Amino acid sequence: MGGRVWNIEVIRSDEGIIFTTGWSEFFAHHSLNFGYFVVFEYRGNSTFFTSILDHSGCEVHMDAPIASSSSSQPLPSFQITMSARSFCHRCIYVPGTFARTHLPRFVNEVQIHDAAGRVWQIGLDRRGNGIVRRIARGWAAFYSTKNISPGDTCVFELINSDIPAFNVYTVAAGERQLL
């Protein structure tokens, strides 16, 4: 993910292959939770490419901050590749590391600002400790209006962390388009 190389030791046991040294750092960095699915694609020479899918089946990417189109200051962001399952559940999971680092606890809503200047109030679900878990109520109306489809990659760029607000872009052929 993001081109980073992780060195993780593996051992064989009667139970199968076990990840040892380096796995806990990989696990923590990617905010893996129960129900997440890690796909390992063997590339040869003991090298694997990984993809991480969240509870809704969306691929999760933890990116370095992306520079805003209106500022030279990098803004925190994350991206999700939409899956058919996320449309059935009408929500998307926010990567835990992003939520813990950039979003206030016990917040109930975020704003999404679109290209037409409309502000969408989108409800959130939280964990018991107040950390944002997923974007839920109102998300289905947003993705339906904006014609987001399974397979589309959406970048959520945080433009205000006090009253959480995002610009949401789709990414196609390396170009970002504000929705």
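Two strands count as paired if DSSP finds at least two bridges between them. Keep that in mind for the first stop, and remember throughout that you're looking at a predicted model.

**Stop 1: the hairpin**

Select residues 10-13, which are strand E1, and residues 16-19, which are strand E2. These two run antiparallel to each other and pair over four bridges. Now pick out arginine 12: its bridge partner in E2 is isoleucine 17. Do the same with valine 10, and you'll find phenylalanine 19 as its partner in E2. To see how the chain gets from E1 to E2, look at the two residues of the hairpin that joins them.

**Stop 2: the whole chain**

Zoom out and show everything as a cartoon. You should be able to trace four helices and 15 strands. The chain has 179 residues, and 42% of them are buried. If you switch on a surface, you're looking at about 10,000 Å² of accessible area, with 51% of that belonging to carbon and sulfur atoms. Contacts across the sequence are worth a thought too: of those with a separation of 6 or more, 45% are between residues 24 or more positions apart.

**Stop 3: colour by confidence**

Next, colour by pLDDT. The chain averages 79, and 85% of its residues reach 70 or more. Where is confidence highest, and where is it lowest? Select residues 109-113 for the high end: that's strand E10, with a mean of 90. For the low end, select residues 66-67, strand E6, where the mean is 38. Widen that second selection to residues 64-72 and the pLDDT is below 50 all the way along, though the stretch does have 20 contacts in the model beyond its near neighbours in sequence.

**Stop 4: the largest core**

Time to go inside. Nonpolar side chains in soluble globular proteins tend to be buried together. Here, the largest nonpolar core has 29 residues. Show Trp139, Phe142, Ile148, Phe156 and Phe166 as sticks, since these touch the most other members. Several elements each supply at least two residues to this core, among them strand E8 (77-81), helix H3 (96-102) and strand E14 (165-172). Which element gives the most? That's H4, with four residues.

Stay with tryptophan 139 for a moment. Leaving out residues up to four places away in sequence, the ones it touches are Met82, Arg90, Cys91, Ile92, Ile112, Ile122, Ile148 and Phe156.

Then move over to a second, separate core of 10 residues. Trp23, Phe26, Ile52 and Ala136 are included in it, so click on those to find your way in.

**Stop 5: a buried glutamate**

Select glutamate 157, which sits in strand E13 (residues 153-160). Is glutamate 157 buried or exposed? It counts as buried because its relative accessible area is 0%, and the cut-off for buried is under 20%. Now add glutamine 79 and draw a distance between the two C-alpha atoms: they are 8.6 Å apart in space, despite being 78 residues apart in sequence.

**Stop 6: the salt bridges**

How many salt bridges does the structure hold? There are three, and you can visit each one.

Begin with aspartate 114 and lysine 146, whose side chains meet at 3.0 Å, N to O. This pair ties together distant parts of the chain, 32 residues apart: aspartate 114 is in the loop between E10 and E11, while lysine 146 is in the loop between H4 and E13. Aspartate 114 counts as buried, at 7% relative accessibility.

Next, centre on aspartate 125. Its side chain meets that of arginine 134 in a salt bridge of 2.6 Å, N to O. It also meets the side chain of arginine 137, at 2.9 Å, N to O. That second pair links strand E11, home of aspartate 125, to the loop between E12 and H4, where arginine 137 lies, 12 residues away. Select Asp125, Arg134 and Arg137 together and you have one network, joined by salt bridges that share partners.

Finish by comparing how covered the three are. Aspartate 125 is buried, with a relative accessible area of 19%. Arginine 134 is partly exposed at 22%, and arginine 137 is also partly exposed, at 48%.

Technical notes: Residues numbered from 1 in each chain as written. Predicted model: local features only at pLDDT ≥ 70, side-chain atom pairs only at ≥ 80, totals over all residues. Heavy atoms only, no water. pLDDT = per-residue confidence, 0-100. Contact = heavy atoms within 4.5 Å. Buried < 20%, exposed > 50% of the residue type's maximum accessible area, 1.4 Å probe, protein only. Core = buried A, V, L, I, M, F, W, Y, C linked by side-chain atoms within 4.5 Å. Areas by Shrake-Rupley, 256 points an atom, 1.4 Å probe, with all protein chains shown as cover. Salt bridge = Lys/Arg side-chain N within 4 Å of Asp/Glu carboxyl O.
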